[in-house]
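Biologist: Please take a close look at a single part of this structure. I would like to know which charged side chains pair up there, and how open each of them is to solvent.

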Amino acid sequence: MVGSTISRRGLAGLAATFVAAPAFALDPNTPQASSHEPLKYLDVARRLTVQVMLNGQGPFHMMIDTGANSSMISIETADRLGLARGEPVNVHGIAGVQAVDTVVIDTLRMGDRVRRQMRVSIVAERHLGAAGLLGLDWLGANSLMLNYGQRRMAVGERLPMADDQTVVVKTRTRSGLTLIDASMPGQTLIALLDSGSMATIGNMALFRAAQKRKAIIGETFDIQLRGAIGQTLPGRLVVLNRLTLGKMTLVNVPVVMAPVHTFDYWGLSREPAILIGSDILQKFETVALDFKRREVRFRIAGRG
């Protein structure tokens, strides 16, 4: 799981921009998702939160984190609910393995979805940046729509099909991870979507490949990553000249290069790999993860 905040200095105005996106057929008979859970913007990176009821109390604002294997709540939330501490578990953070306490939530309700007897890790709210986060253990195989344009989300609903503003990128599964193919000039990459990360993060294999391919433009900056469990890690912020996802190309893409432990844990440290964070995801009107069709649909906001 790659974390929650990043400290930057002198980086105002860095942002990925689109080069091109092909047209796709529109199915006018496809219904929109019938029910959505309201979201609010959490921070400058526009990570999204949803209102969740825990043990009948709340609502609590929790992030949807597609880069986290397991869900968490803050220590402050656990104390508010009066939850007894359970056995600690090892959590893989950005800098290594760390033992954290756990609690058991009797009921976790978001809209019509309910999970019972859910064991979650607890960490300080200042690291999470929210009352908690919902990871892949909660999402499961359900579809997910992140609607940045309308500040909404849908989970487990039928997703709208692609229209002429949508780019479809096929997914594949490896060791339980949902991956998409990506590339930079002269180099293929492995990419994952991480809606809980403020920054897009590359491993050191990507850094070396980008240097070799002369894909880094302009200055680089020393920065510090901060993870969801409070770990910190030095990194290097660079700008890639191009990043291609499917048939869509982004230019001038800020990426933090760092020896993030999560890449080691996932077995992705030896080949160029990248976590697509909310700094890129929020550039789209919607991002739909359709596990049934094994694809991600990126919808670009209409140009006026």
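**A salt-bridged arginine and its partners**

Modeller: Aspartate 163 is a buried residue, with a relative accessible area of 11%; it counts as buried because that value is under 20%. This is a predicted model, and every value here is computed from it.

The partner of aspartate 163 is arginine 299: the two form a salt bridge in which the closest N and O atoms are 2.8 Å apart. Arginine 299 belongs to strand β22, residues 295-299, while aspartate 163 sits in the loop between β12 (152-155) and β13 (166-174), so the salt bridge ties together parts that are 136 residues apart in sequence. Arginine 299 itself is partly exposed, at 21% relative accessibility. The pair therefore joins a partly exposed arginine to a buried aspartate.

Arginine 299 has a further salt bridge, with the side chain of glutamate 285, and here the N to O distance is 2.8 Å. Glutamate 285 lies in the loop between α6 (278-281) and β21 (286-290), so this contact ties strand β22 to a part that is 14 residues away in sequence. Glutamate 285 is partly exposed, its relative accessible area being 23%.

Where else do charged side chains pair? Across the whole structure, a search finds 9 salt bridges. One of the pairs is aspartate 181 with arginine 172, whose side chains meet at 3.0 Å, N to O. Both ends of that pair are partly exposed: aspartate 181 has a relative accessible area of 43%, and arginine 172 stands at 33% relative accessibility. There is also a network of salt bridges, which links Lys170, Asp290, Arg293, Glu295 and Arg297.

One more residue can be placed alongside these. Glutamine 150 is found in the loop between β11 (144-147) and β12. Glutamine 150 is exposed, with a relative accessible area of 51%; it falls in that class because the value is over 50%. The C-alpha atom of glutamine 150 is separated by 8.6 Å from that of threonine 286, although the two residues are 136 residues apart along the chain.

To return to the part you asked about: arginine 299 pairs with aspartate 163 and with glutamate 285. Of these partners, aspartate 163 is buried, whereas glutamate 285 is partly exposed.

Technical notes. Residues are numbered from 1 along each chain as its sequence is written. This is a predicted model: local features need pLDDT of at least 70, side-chain atom pairs count only at pLDDT 80 or more; totals for chains, interfaces and linings use all residues. Side-chain values use heavy atoms; hydrogens and water are left out. A salt bridge is a side-chain nitrogen of Lys or Arg within 4 Å of a carboxyl oxygen of Asp or Glu. Helices (H or I, at least four residues) and strands (E, at least two) are DSSP runs, numbered from the N terminus. Buried means under 20% relative accessible area, exposed over 50%, partly exposed in between (1.4 Å probe, protein chains only).
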